[in-house]
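The following questions and answers examine how confident a structural model is and how its helices and strands are arranged.

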Amino acid sequence: MSSRDRSGAVDATRTYEVRTYGCQMNVHDSERLSGLLEGAGYVRAPEGSDGDADVVVFNTCAVRENADNKLYGNLGRLAPRKTQRPGMQIAVGGCLAQKDRDTIVKRAPWVDVVFGTHNIGKLPVLLERARVQEEAQVEIAESLEAFPSTLPTRRESAYAAWVSISVGCNNTCTFCIVPALRGKEKDRRPGDILAEIEALVAEGVSEITLLGQNVNAYGSDIGDREAFSKLLRACGSVEGLERVRFTSPHPRDFTDDVIAAMAETPNVMPQLHMPLQSGSDSVLRAMRRSYRQERFLGIIEKVRAAIPHAAISTDIIVGFPGETEEDFEQTLHTVREARFANAFTFQYSKRPGTPAATMDGQIPKEVVQARYERLVALQEEISWDENKKQVGRVLEVMVAEGEGRKDGATRRLSGRAADNRLVHFTQPDEDVRPGDVVTVEITYAAPHHLLAEGPTSAVRRTRAGDAWQKRNEAAAPQSAGVMLGLPSVGVPAPLPTASAPACGAI
């Protein structure tokens, strides 16, 4: 345990741990929280410290029904540890903190700080105030105090980065509590976004993911309906930026100019993650989703016509209130027609405070489970069929960190193809680093990954690989906890193999 010197700076031995739950926006916010804490003098705790840090921060999600139980269970496990470690602090932020506010401290009085989605920049100040005043600090801002990307950051990857282009959401989906917690959409100025991208590329980043709750609605706050397609095209002029992705768009706002920008901008990747939620028009109407099955499939058809090798993934909810067997069959029909490369599939989760939570026609658990299993089986079959079409293709793969859990045993490395498919490939004789690019031929396909079992035909060492190497060489003399790159993150948000969907997906 450490203290502060006379200047008020935190002793360099004081450690922190940030635990992240939920969507890509939360992952991005956690990078900011880590940057803020390191800027205040804290040091990241060793990997696997599991609550042994001096400051433990929970960045929470409120989308799933069991979010509350998960948080309070984890807080309960930390209570005795905090008693044994005078000076240890616990902070809770994110969507659940925005929603529950004073409830958190009442249920877990050993929590020191509660902060919301709009004031993550206040965390170091609130921790210090709680330490000095020796009482919990609860501060929930009702509107955004500073755009997250203006805050310090500790990126989890040296070669890939998130770039937030908007926060909040103007939709009113009946199953989603996120707009009430994140607020109305607020867009960044295009010049600020491009300046951040250029700065990241100068640091060695070669892949960026544009991030927003409803990313392709970008422009509604600044009065330009084509702002998102213009932004994609502008990304194409950033020298050194090899890969551009974005998540998650809404079918309502997916216009032809966006499809054209994707097709005509070489560094915008042939990948699209677009939530379907349901294939039934009546269920979509009850969800307050402003498109119908025909519109959704029409977008898919246009994307494939413009970008033949595009990999398209989605989110689907099973068992929404009032969903009939006929409604569910319409979802299966849409899945067969769309032929998604992958899908996040979820059983409907009732969230207090949403209109859907009080709707008539709540579906029995056993019915939802049976439908869910049928949907998963169908999508697995389609995913495998679509991946088999990749066999024999020669692909450029960006080497990733932590994507292949069995790489050490199989003498393979792993990475992402341009369309974001996960590829495991034979380790070449020459040194290959995360961020470098290899050229391989696909020899085998499974539902969720591809294999390239032959020799690597080319290895291209990149500035991104140089950045990864420089970062890890700088970290090497320090403890293992300072090594960079969370295995669960890797290249930002592998979709849809990541552990969580976009905000509001369930």
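**Helix packing, sheets and confidence**

Q: How do the axes of helix α7 (residues 190-202) and helix α8 (residues 227-235) stand to each other, roughly parallel or roughly antiparallel?
A: In this predicted model, the axes of α7 (residues 190-202) and α8 (residues 227-235) come within 11 Å and cross at roughly 25°. Angles under 35 degrees count as roughly parallel. The arrangement of α7 relative to α8 is therefore roughly parallel.

Q: Is the crossing of α7 and α8 left-handed or right-handed, and how many nonpolar residues does the contact have?
A: The crossing of α7 and α8 is right-handed. On the α7 side, Ile193, Leu194 and Ile197 make the contact, and on the α8 side Leu231, Ala234 and Cys235 do so. No polar and no charged residues take part in the contact of α7 with α8, and the nonpolar residues number six.

Q: How are α8 and α9 oriented to each other, roughly parallel or roughly antiparallel?
A: The axes of α8 and α9 lie 8 Å apart, and the two helices pack at an angle of about 5°. With angles under 35 degrees counted in this class, α8 and α9 are therefore roughly parallel.

Q: How many charged residues are there in the contact of α8 with α9?
A: From α8, the residues Phe228, Ser229, Leu232 and Arg233 meet Asp257, Val258, Ala260, Ala261, Met262 and Glu264 of α9. Divided by class, the contact of α8 with α9 has six nonpolar residues and one polar residue, and its charged residues number three.

Q: How are helix α11 (residues 293-306) and helix α12 (residues 325-338) oriented, roughly parallel or roughly antiparallel?
A: Helices α11 and α12 pack with their axes 10 Å apart, at an angle of about 10°. Because angles under 35 degrees fall in this class, α11 stands to α12 as roughly parallel.

Q: How many polar residues does the contact of α11 with α12 have?
A: Helix α11 contributes Gln293, Leu297, Ile300 and Arg304, while helix α12 contributes Gln330, His333, Thr334, Glu337 and Ala338. The contact of α11 with α12 has three nonpolar and two charged residues, and its polar residues number four.

Q: Which strands stand at the edges of the open sheet with the order β7-β10-β11?
A: This sheet has three strands with parallel pairing, and the twist averages 25° from one strand to the next. Each edge strand has a single partner strand, so one side of each is left without a neighbour in the sheet; these strands are β7 (160-164) and β11 (243-247).

Q: Which residue of β11 is the bridge partner of glutamate 207?
A: Strand β10 (residues 207-211) pairs with β11 in the parallel sense, over five bridges. Within β11, the bridge partner of glutamate 207 is arginine 243.

Q: What angle does the direction of α7 make with that of β7?
A: Helix α1 (residues 24-39) packs on the sheet and touches β7, β10 and β11, with its direction at about 105° to that of β7. Helix α7 also packs on the sheet, where it touches β7 and β10, and its direction makes with that of β7 an angle of about 170°.

Q: Which strands stand at the edges of the open sheet with the order β12-β13-β14?
A: The three strands of this sheet have parallel pairing, and neighbouring strands are turned against each other by 10° on average, direction ignored. Those at the edges have a single partner strand each, so one side of each is left without a neighbour in the sheet; they are β12 (271-273) and β14 (342-347).

Q: Which residue of β13 is the bridge partner of glutamine 271?
A: Strands β12 and β13 (residues 311-318) pair in the parallel sense over three bridges. In β13, the bridge partner of glutamine 271 is alanine 311.

Q: Which residue does a cis peptide bond join to threonine 247?
A: The loop between β11 and α9 (256-264) holds one of the two residues joined. Omega of the cis peptide bond is about -10°, and the residue joined to threonine 247 is serine 248.

Q: Over residues 477-501, how many contacts does the model have beyond four places in sequence?
A: The protein averages a pLDDT of 87, and 90% of the residues score at least 70. Over residues 1-10, however, the pLDDT is below 50, with 20 contacts beyond near neighbours in sequence. Residues 477-501 also stay under 50, and their contacts beyond four places in sequence number 71.

Technical notes:
Residues are numbered from 1 along each chain as its sequence is written. This is a predicted model: local features need pLDDT of at least 70, side-chain atom pairs count only at pLDDT 80 or more; totals for chains, interfaces and linings use all residues. Side-chain values use heavy atoms; hydrogens and water are left out. Axes are lines fitted to C-alpha atoms, for helices over the stretch in contact, and angles run from 0 to 180 degrees between N-to-C directions. Helices (H or I, at least four residues) and strands (E, at least two) are DSSP runs, numbered from the N terminus. Angles under 35 degrees count as roughly parallel, over 145 as roughly antiparallel, 65 to 115 as roughly perpendicular and the rest as oblique. A crossing is left-handed if the near helix is turned anticlockwise from the far one by less than a right angle, and right-handed if clockwise. Contact means heavy atoms within 4.5 Å. Ala, Val, Leu, Ile, Met, Phe, Trp, Tyr, Cys and Pro count as nonpolar, Asp, Glu, Lys and Arg as charged, and the others, Gly among them, as polar. pLDDT is the predictor's confidence in each residue, from 0 to 100. Two strands pair if DSSP finds at least two bridges between them.
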